[in-house]
Amino acid sequence: MKQGYLVLETGEIFEGKLIGELNNMVGEVVFNTSMTGYQEIITDPSYAGQILTFCYPLIGNYGLNDLDDESFQTAVSGVITGDICEEHSHFQATKGFQERLEQVGVPGLTGVDTRALVKVIRKHHTVKGMITTNPEVASLQDGDDVSQNFWVDTVSVKKPVTYENEGPHIVLMDYGYKKSILHALLQENCKVTVVPYHFSYEQVKELQPEGVLLSNGPGDPMKLQPWFSEIKKITESFPTLGICLGHQLIALAHGATTKKLAFGHRGGNHPVKELLTGKVQMTSQNHGYVVVEDSINYNEFQVLFLNVNDKTVEGIKHNSLPIQSVQFHPEAHPGPSDTEFIFQQFLHQVTTSGGRTYAKA
Amino acid sequence: MPKHNNLNKILVIGSGPIVIGQAAEFDYAGTQACLALKEEGIEVVLVNNNPATIMTDQSVADKVYIEPLNVETIEKIISREKPDGMIGTLGGQTGLNLTVELYEKGILDKYDVKLLGTSVESIQKGEDREKFRNLMIEIGEPIPESAIIEDFQSGVEFVKEIGYPVIIRPAYTLGGAGGGFANNDEEFEAVLKQGLTLSPIHQVLVEKSIKGWKEVEYEVMRDENDTCTIVCNMENMDPVGVHTGDSIVVAPSQTLSDVQYQILRNSSLKVIRALNVVGGCNIQFALDTTSNQYYIIEVNPRVSRSSALASKATGYPIARIATKCAIGYHLDEILNPITGNTYASFEPAIDYIVVKLPRFPFDKFSEGDRSLGTQMKATGEVMAMDRSFEGALNKALRSMEMNAHSLYLKSMPGKTKEELVELLKKPTDLRLFAIAEAFKRGFTIEEVISQTEIDRWFLIKVKNIVDCEQKLASHSWEEAPVDLLKTAKRMNIGDRRLSEIFNVPEKEIRLKWKSLNVKRGYKLVDTCAAEFDAVTPYFYSTYQGADEVESSHGKKKILVVGSGPIRIGQGIEFDYCSVHAALAVKKLGFEAIVMNNNPETVSTDYSIADRLYFEPLAVEDIMAVVEKEQVQGVLLQFGGQTAINLANALEDEGVTILGTSMKVIDQLEDRHEFYSLLNELDIPHIAGTTINEPEELVPAAEKLGYPVLIRPSFVIGGQSMFICYNNKEVEKYLTRIMEDGNDRCWPLLVDQYLPGMECEIDVISDGENIVVPGIFEHLEKAGVHSGDSVALFPPVNISDSIKKTLIEYGEKIANHLPIIGMMNIQFVVHNEVVYVLEVNPRSSRTVPIMSKVTGVPMIEWATHVQLGKSLKELSGGSVGLFPEPAYYSVKAPIFSASKLKGVDHVLGPEMKSTGETLGLGVTLEEAFSKALQLSGKVSAKESAAGEEPTIFCSIANRAKEESLDSIKAFAKEGYKVIATEGTAAFLAKHNISSETLAKEKVLLHEFWKNKQPDLVLNIPNEGRDGEKIGFYIRELAVRYQVPYYTSFDTLKPWINLFSSENEEEKPRTLGEYRQLTKLNEVGACQ
């Protein structure tokens, strides 16, 4: 295997063995603490434009299978690992981790002290980097900086796709949805129409949905500012659930603000406290931005969930309208499914509101 | 919610003596629990009769009862102490069973004691097979087809229904004792009968076997508010079929996809919620290798061996957090002490891999049945961390302190292909080495999978190491490619192994690392994969990353080397010593650095040392820490023989060894030098000689005169030590020792054997003065290993003049050498002459007991003298033998006989016990009765069901005469005597009537099956497996749980109790005992 390097804009250089294919992309370097679920993670569209570091060193042990992709793409711009497993072992596996990276043209490094890298990321908060064969910081200038791209536009569907089913009709606003969100809805018998992120209120209304789900997705939610007013209209008209980026968009559309976290929440072990019961749930998370608690209009919204560790907002609920949103991923995959009740709550709201749209306030 | 109100005093039940399946992990858990309660301002009352534990220190609990762990005693304690609550889920199976019993007998209700944490109802739902099964069916969780069987016939009928293979699991037994697999009717009969016998409620579960599936465990926490978290999951390399305590275990799971991980996680949460557990719970699963189908195998609604492992593997202190939950806290209210700024309501993320290897006693019991199944056989374990499986496995292997320190075991190359395949097929302690050997011989992965059913992932990793070693071996040391050497170190192949491969000294290997700048880095164990800052100094090393650990500056640093895995002969007592040494170092203002590799212990709790290195105790690993931390000196006297064995190599590397010098240690360990020292000091020793060549042995023995005692020069716990009565036995011994092939055995020491009284002292010395807190007298005559003999203090058969001689000899040796720190001296007194048997230049097994019963902080003083203090300064001027206390302490050994098939538990010079109990009393009888748990079984009049009690006798010819008094005493007390032919004939001659039994296995078994005697007196012919029938009788006694005695001496206290007034035993705290100055003050504290 060839030597490769992760070159950071802050000057640090990490050496490893090169796997996959170089793509010349400069992206934000982030880390995920999950010990399982690498297949789901690298296919989660929310990682688009990012170089992902796996804290857990042994990656690829059980290979990749035909079931667990979270989207049709391998969204990450690069992968940094400690100890790639070259010969996987699992009855479902159809290919190896390395093989996948090669096929989709994403570069990776193995043999890296990922723990040291995580500490560097934590020190700098946000840091960009590139996987390259040239161990010079200057090489970044030749790279293609994709960290500020409008990735939602890339990963979202281009036209609506409908999944027929018996139950209520849900429009899934696609900012880069994870397949498991769709599955969770289908599991609940919903008919689901996945629509492009830029669909207007009128376009959504035309589909006559009984509820709308705003999906997760990559990047800074403020990049979607042009659509905030449409999003507001949609949420005021249909029972709405927001997940991750979708949650941020609902908050922003209703006047709150977001900010970037120092180094994000990415992993499957984030404790979230449900304020009504005091119960703590383990959640799967993947976000770099967060809704600013003080910016929430408490006349309209209440905070439902808080992060136990850093007390950031993890979920809000409208005081009168059936709007709820969560920062974490109730659809799991990877990570715990302790909060899958969020989908049931949403569908309860959908059915109790009788499938009617609301008169505008 | 904050803690419950009205909890001012809490009773904690410990787990008692160490037996296989229940070991030091409960000292770790119990100590954490007591401290977690104390910091809440709660008064802690502790009951535990294991004196070697940290938890029974007066600094850990407010009131320490070293008293028998039975309901009667605990009720008395409850009535005295009136605790507000009790926690029963911290003392292993023993604690759990007692808790259930206390509840069922209404004792908790009677005294209004609230059971904290998990309720009895929940415990029973988890423990009682039928209740558990019903609950699982109710919540829809899969369990293997099974039936509760309470009699033989219904077992046979059930197995006809479901077919073989099946597994038999007895209810309420330690470490799955008495269970096993059956593939046919014959095996089924044997295991089922054993299981029914061993289960205290005569109940077993017979279930369809899922042997070969993956075995995965989850450690789950839950609080009163129903918040649940997974602390850690673990995967066994050995598939279902080998007890998890005997399996090679990794954390986290390696071969499960996220979907599978979450399926089992969800199931775990469902189960812990259904059981309504508050605190910790362990759930074991079997997962199919070709589908996502799974079964729940077992649930332990308490802290366990696995929870100790999970705590050390992740840094999350399960027992501590479980205790806080038990007193009402919610998980999100409890700080994660590792980070100091996040909470206990999360799931640890780790960024390394953990490997646990079990430590088996088969190096001592080479005749034991090595096969591994559902009955646990390991006595201890080691844990290692690295950033790859290969690295962690190699580190774990060199932590084992066996004849192997890598995947290479000397005996493997000599195996035929058939033998090797057999070793792959049938799980034993040797299987890992056989796998490595198989790869070396060119077996393919597929071949090994088909024989072992071990997952491909693990096998590939093992093969990686073997391949790397093979490549290394194809080069000379000088010409080995640097890249290859670096790869070897990334896999953490040990310097010692490389030295073996290249045939160059380890020192030279280390020099090369320096010149190539090949260095290990240290990483933090932080529960969170570096996501948050961590404050706890808990480290491991890796060759796969940078050093992130800054060594501290300022204070001078002292390294305490721990004692490694628990094995027979080196148990928890050395962990007690290591912990106290670390605390003593801290007390003098030094920084205490602790190194150890045993995940079960208190010494590897991150809160003990200033800095904890969880590392192998090999020279390379110690040197790396010594250099990194720039330690001032190393304390080796507290880690048992493990640490002492390192002394030479460390001194050779230029490390400062504190206390007694290396020269002195050598002088004591070299028999020749030792005897000339004793001669010089005019101290009698037993005639003996050193043998360097096998053929010298028989002539030497003949010259000394039989019987002789033979042993290897470097031994732990009397390993390979035998008394031989004739040439034939000597030859047999020789064959055995040659087969073991351990170089450290030679030279052999041969001594004349004198059947005198044994006694021992632990000496603290600063080179000028000595302190001896007390003398332990052994009940059994010389020839029984001190670890296996009953010992009493203060001594009752040692005259003042002999005592004076003992101390005088101690002084002479200590001052002459000099000894700085501790030593233990074993004496034999024969015909009024005191002989010195051996001197161990280190702390010993008896130190924790002596410290506790006298109140002398022995380890602290011994540490402080090694750091330069004078003994007089420490003791306030007192030196020599300290005054004797006004109460009696009796230490009794505890054996794990029922766990080790094929091992003859006859008392002899080789140690066999795994643990010990202490009985304290104001009279010798009371102390004996408590230590040997004689209460209720002594008097014939108390025998149940009105039947006369029976004693079964089978006495070797040489001891028949001697047996007469003992047997007479039993007959007089109303015991019916049953005897084997010869013994019966002899008794008849002396007018003792007995029922005669032929020495035939079938007849004996028939007899025992119908009715078991109340005790067995069996004095065997000396020598190993010399008398097969005798061994069979002892096996029967083990199987039917009948107390058996192989020495008259051990039986004496029983006989003495016949004539003593039957006073009621009274529990007292350790503090109360110590306050007794005169026996007549006893009344004052009752």
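**Figure 1. Where chain B touches chain A in this predicted model.** Chain B puts 43 residues into the contact, and chain A puts in 40. On chain B's side, the elements giving two or more residues are α9 (258-275) and α16 (456-473) of chain B. Of the elements here, α9(B) gives the most, with six residues. As for chemistry, chain B's side that touches chain A splits into 16 nonpolar, 15 polar and 12 charged residues.

**Figure 2. Domain 1 of chain A against domain 2 of chain A.** The domain assignment cuts chain A into domain 1 (3-148) and domain 2 (152-352). Taken over C-alpha atoms, the centres of these two domains of chain A are 27 Å apart. Each domain brings 24 residues to the contact. On the side of domain 1 of chain A that touches domain 2 of chain A, the elements giving two or more residues are β3 (25-32), α1 (38-42) and α3 (114-124) of chain A. β3(A) has the largest share of that side, three residues. Sort the domain 1 side by class and you get eight nonpolar, 11 polar and five charged residues.

**Figure 3. An open, five-stranded sheet in chain B.** Read across, the strand order is β38-β37-β36-β39-β40 (chain B), and the pairing is parallel. β38 (995-997) and β40 (1044-1045) of chain B sit at the edges with a single partner strand each, so one side of each has no neighbour in the sheet.

**Figure 4. Zooming in on β36 and β37 of chain B, with a helix across them.** Strands β36 (residues 950-955) and β37 (residues 976-980) of chain B run parallel and are joined by four bridges. If you want one pair to look for, C953(B) has A979(B) in β37(B) as its bridge partner. Helix α33 (residues 981-989) of chain B lies across β36, β37 and β38 of chain B. Its direction is at about 125° to β37(B).

**Figure 5. Helices α34 and α35 of chain B, side by side.** The axes of α34 (residues 1001-1010) and α35 (residues 1028-1039) of chain B come within 11 Å and cross at roughly 20°. An angle under 35 degrees counts as roughly parallel, so that is what α34(B) is to α35(B). The crossing of α34(B) and α35(B) is right-handed. From α34(B), K1001(B), L1004(B), H1005(B) and W1008(B) meet Y1032(B), I1033(B) and L1036(B) in α35(B). Between α34(B) and α35(B), the contact residues come out as five nonpolar, one polar and one charged.

Notes: Residues numbered from 1 in each chain as written. Chains lettered and ligands numbered in written order. Predicted model: local features only at pLDDT ≥ 70, side-chain atom pairs only at ≥ 80, totals over all residues. Axes fitted to C-alpha atoms, helices over the stretch in contact; angles between N-to-C directions. Parallel < 35°, antiparallel > 145°, perpendicular 65-115°, else oblique. Left-handed = near helix turned anticlockwise from the far one by under 90°. Contact = placed C-beta atoms within 7 Å. Nonpolar A, V, L, I, M, F, W, Y, C, P; charged D, E, K, R; others polar. Domains from an automatic or database assignment. Pairing = 2+ DSSP bridges.
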